[in-house]
Amino acid sequence: MNEQEIHQKHVKLLQELKLIINKTCARVICSEPDILFEENIIFFTKSFLISICTYLESYLKDIAFSHINVVNDRLVNISIPYNLIKWNILYPKEITDRDLKFENMKISIKAKDLDDHISASPHRTESLFKKIGIDLTTVDGFLIKRELIKTIVLKRNNIIHHNDNANDISMIDLILYIDYFIEYMEIITQVVKIENAK
């Protein structure tokens, strides 16, 4: 999948979640509220917020790995000797025979290798993207959205790690959060598109 397909896939998931949130809200505020939803609105709110952040994490993994694949394809196409790069990285330290491989350079990072580095936290996202050669902190739009996303992710973390009751989050807030996440993802997608086109 290219960057735009990855973006569209995850935006679709978030938009579908927004519809579910709207339907849940409608069942609570109607003239005859659905008791199941009304009595468990906090549970649904927590679940929706966790899902929003989970979709963001899935997106981040896919978009980061798309960049790794583009870079790897470039490496394979230009046939750079592994030993030369290894020597350069270790220089001035001497390399030994056990360090040598008579093959061309390639990236061996797999999608599952990203799991320990993926987080909805903008700080961890910045860190991961720096490792793959993209500095998100130089992008104005990212910096503008970073604090807002951080606040939302903190709310999710408080729910997961501290059983926060989430009574300060409404269904309307969740819908706004989805819109913020989509805007944030758009910024990252455009940065990755630019990097992949170089």
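# Exercises on a Predicted Helical Model

**Exercise 1.** Decide how R146 is classed by its relative accessibility, and then do likewise for E126.

*Solution.* Step 1: R146 has a relative accessibility of 23% and therefore counts as partly exposed, since this class lies between the 20% limit for buried and the 50% limit for exposed residues. The model treated here is predicted. Step 2: E126 has a relative accessibility of 8%, so E126 counts as buried.

**Exercise 2.** Describe the salt bridge of R146 with E126 and state which helices the pair links.

*Solution.* Step 1: The rule asks for a Lys or Arg side-chain nitrogen within 4 Å of an Asp or Glu carboxyl oxygen. In the pair of R146 and E126, the closest N and O atoms are 2.8 Å apart, and a salt bridge is formed. Step 2: R146 belongs to helix α6 (residues 140-162) and E126 to helix α5; the two residues are 20 residues apart, and the pair links distant parts of the chain.

**Exercise 3.** Analyse the salt bridge of K145 with E183: state its distance, its location and the accessibility of both residues.

*Solution.* Step 1: The closest N and O atoms of K145 and E183 lie 2.5 Å apart. Step 2: K145 is found in helix α6 and E183 in helix α7 (residues 171-197), with their positions 38 residues apart, and this pair also links distant parts of the chain. Step 3: K145 has a relative accessible area of 17% and is therefore buried. E183, at 36% relative accessibility, counts as partly exposed. Step 4: A further result concerns shared partners: salt bridges of this kind join E126, R146 and E147 into one network.

**Exercise 4.** Explain what the salt bridge of K61 with D115 ties together, and place S58 relative to D115.

*Solution.* Step 1: K61 and D115 form a salt bridge whose closest N and O atoms are 2.5 Å apart. Step 2: K61 lies in helix α3, whereas D115 lies in the loop between α4 (82-90) and α5 (122-131); the pair therefore ties together parts that are 54 residues apart in sequence. Step 3: D115 has a relative accessible area of 41% and is partly exposed. Step 4: S58 lies in helix α3 (residues 41-78). With a relative accessible area of 32%, S58 is partly exposed. Step 5: From C-alpha to C-alpha, S58 and D115 are 9.6 Å apart in space, while they are 57 residues apart in sequence.

**Exercise 5.** How many salt bridges does the count give, and how many positive and negative side chains does the protein have?

*Solution.* Step 1: The count comes to twelve salt bridges. Step 2: There are 25 positive and 28 negative side chains, and the centres of these two sets lie 5 Å apart.

**Exercise 6.** Describe the protein as a whole by its secondary structure, dimensions and contacts.

*Solution.* Step 1: The protein has seven helices and zero strands, in the order α-α-α-α-α-α-α along the sequence. Step 2: The C-alpha trace spans about 75 × 35 × 30 Å along its principal axes. Step 3: The radius of gyration is 21 Å, whereas a compact globule of 198 residues would have one near 16 Å. Step 4: Of the 198 residues, 37% are buried. Step 5: Among contacts with a separation of 6 or more, 77% come from residues 24 or more positions apart. Step 6: The accessible surface comes to about 11,700 Å², and carbon and sulfur atoms account for 55% of this surface.

Key
Residues are numbered from 1 along each chain as its sequence is written. This is a predicted model: local features need pLDDT of at least 70, side-chain atom pairs count only at pLDDT 80 or more; totals for chains, interfaces and linings use all residues. Side-chain values use heavy atoms; hydrogens and water are left out. Helices (H or I, at least four residues) and strands (E, at least two) are DSSP runs, numbered from the N terminus. Buried means under 20% relative accessible area, exposed over 50%, partly exposed in between (1.4 Å probe, protein chains only). The radius of gyration is taken over C-alpha atoms; the globule rule is 2.2 Å times the number of residues to the power 0.38. Contact means heavy atoms within 4.5 Å. Accessible areas come from the Shrake-Rupley method with a 1.4 Å probe; for residues, only the protein chains shown count as cover. Lys and Arg count as positive and Asp and Glu as negative; His and the chain ends are not counted. The place of a charge is taken as NZ of Lys, CZ of Arg, CG of Asp or CD of Glu.
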